[in-house]
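I opened my notebook to record what I looked up in this structure, beginning with how its parts meet.

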Amino acid sequence: MSGIAVLGPGGVGGLLAGLLARRGQDVTCLAGPATVDVLARDGLRVESRQFGTFAVRVRAAERLDDGVDVCLIAVKATQLADALERLPADAVGGALVVPLLNGVEHVDLLQRRYPGAGVVPATIRCESTRTAPGVIRHDSPFVRVEMAATGRSADAVRRFADDLTDAGVSAQVSDDPATVMWSKLTFLAALALLTTAAGAPAGEVRERRRDDLVALVGEAAAVARAEGAAVDAAAVVAFFDGIPAGMQSSMQRDAEAGRPLELDAVAGAVVRTAARHGIPVPVTSRYVDLLTDRSRSALPRDAT
Ligand SMILES: NC(=O)c1ccc[n+]([C@@H]2O[C@H](COP(=O)([O-])OP(=O)(O)OC[C@H]3O[C@@H](n4cnc5c(N)ncnc54)[C@H](OP(=O)(O)O)[C@@H]3O)[C@@H](O)[C@H]2O)c1
């Protein structure tokens with residue numbers, strides 16, 4: 001398949017853009033002017049524990065003008081509204097749109113904004129960081145993309161999964177969109193809230209905040225099931241118990257660096273969906289309120 005646009009060539013987008021371009025795919029990274037200059041001059045450099053260090057040429061543009069087969073969206077939730085200005089609906093046309101943001105609500109937003117496109121529910125699991133414009137450090141010994149193949153986009157999803165596999169990415173195709181999105185969110189919301197609130201890694205929070213961990217996972221899993229997802233709370237807690245003790249969440253790293261948090265997209269979405277189903281989520285709400293207050297008080301006075 002040719003013609004892949006990547007909106008947001010950061011930790012996630014830059015890694016996939018680099019891996020796909022290395023296999024000969026025609027990749028265009030969409031970014032702001034400073035990053036476009038760097039990419040056009042130096043290309044992308046990926047330093048990966050799994051794939052080694054390599055540099056590749058990619059196209060770079062501030063806005064999508066030509067049609068593409070696939071469009072990956074890999075900005076943070078807090079950057080999405082601005083970034084989508086670079087992706088006009090007429091240029092996207094009938095492309096396959098694969099958003100890789102954490103959270104769930106962006107899928108509906110994108111389906112409304114790009115009615116002619118095939119917007120697919122998708123998630124990515126990896127640990128990857130944009131250390132400088134055009135420079136990506138990939139620390140996890142895996143990259144896993146899961147996409148839901150339903151309706152008219154099913155064949156395009158399978159073709160793109162083959163391209164990802166060819167590029168070294170572990171790509172799974174599911175026929176259950178709710179489970180794709182909510183199985184990740186159930187785990188991630190607990191990890192992000194606990195590690196960010198405590199300022200401590202997974203190993204510490206799962207011991208010291210055990211009751212909250214079980215409650216957070218139980219609440220999100222109840223919401224997930226109401227959304228039609230097959231999510232088992234005990235299995236998610238067991239998975240949490242198995243992750244490396246030193247693991248941090250990206251929300252925790254964002255909080256430590258003073259960057260905006262994806263709190264609303266990740267945990268706010270759990271609270272809103274719970275309200276729609278009439279499911280009480282008191283522990284999730286308490287953590288959301290705490291972190292919202294903290295990020296407000298961290299803002300400069302005239303920004304509040
Ligand atoms: N990183 C991970 O390991 C990981 C794993 C799983 C899921 N996720 C999720 O994936 C999403 C992306 O995270 P990330 O860590 O890859 O973020 P990131 O490293 O901060 O990358 C975001 C990219 O978006 C670009 N960008 C920001 N505003 C833009 C705009 N208006 N127009 C065009 N480009 C813009 C940034 O450009 P510049 O380079 O110019 O700053 C940057 O390259 C998040 O929802 C995150 O939760 C991340």
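**Domain contact**

I began with the area shared by the domains: in this predicted model, domain 1 and domain 2 bury about 1,500 Å² between them, and 58% of that area lies on carbon and sulfur atoms. I then asked which three residues supply more than any others of the area that domain 1 buries against domain 2, and found N102, V104 and E105, which together give 36% of it.

For the bounds I went to the domain assignment of the protein, which sets domain 1 at 4–175 and domain 2 at 178–297. Taking the centres over C-alpha atoms, I noted that 25 Å separate domain 1 from domain 2. I also looked up who takes part in the contact, and it draws 18 residues from domain 1 and 16 residues from domain 2.

**Helices α7 and α10**

Next I turned to helix α7, which covers residues 177–198, and helix α10, which covers residues 233–242; their axes come within 10 Å and cross at roughly 50°. Angles from 35 up to 65 degrees count as neither roughly parallel nor roughly perpendicular, and α7 and α10 are therefore oblique to each other. As for the hand, I recorded that α7 passes α10 in a right-handed crossing.

I then listed the residues through which these helices touch: α7 brings T186, F187, A190, L191 and L194, and these meet V236, F239 and F240 in α10. Sorted by class, the contact of α7 with α10 consists of seven nonpolar residues and one polar residue, with no charged residues.

Methods. Residues numbered from 1 in each chain as written. Predicted model: local features only at pLDDT ≥ 70, side-chain atom pairs only at ≥ 80, totals over all residues. Heavy atoms only, no water. Axes fitted to C-alpha atoms, helices over the stretch in contact; angles between N-to-C directions. Helix = DSSP H or I, 4+ residues; strand = E, 2+ residues; numbered from the N terminus. Parallel < 35°, antiparallel > 145°, perpendicular 65-115°, else oblique. Left-handed = near helix turned anticlockwise from the far one by under 90°. Contact = heavy atoms within 4.5 Å. Nonpolar A, V, L, I, M, F, W, Y, C, P; charged D, E, K, R; others polar. Domains from an automatic or database assignment. Buried area = accessible area lost by both parts, 1.4 Å probe.
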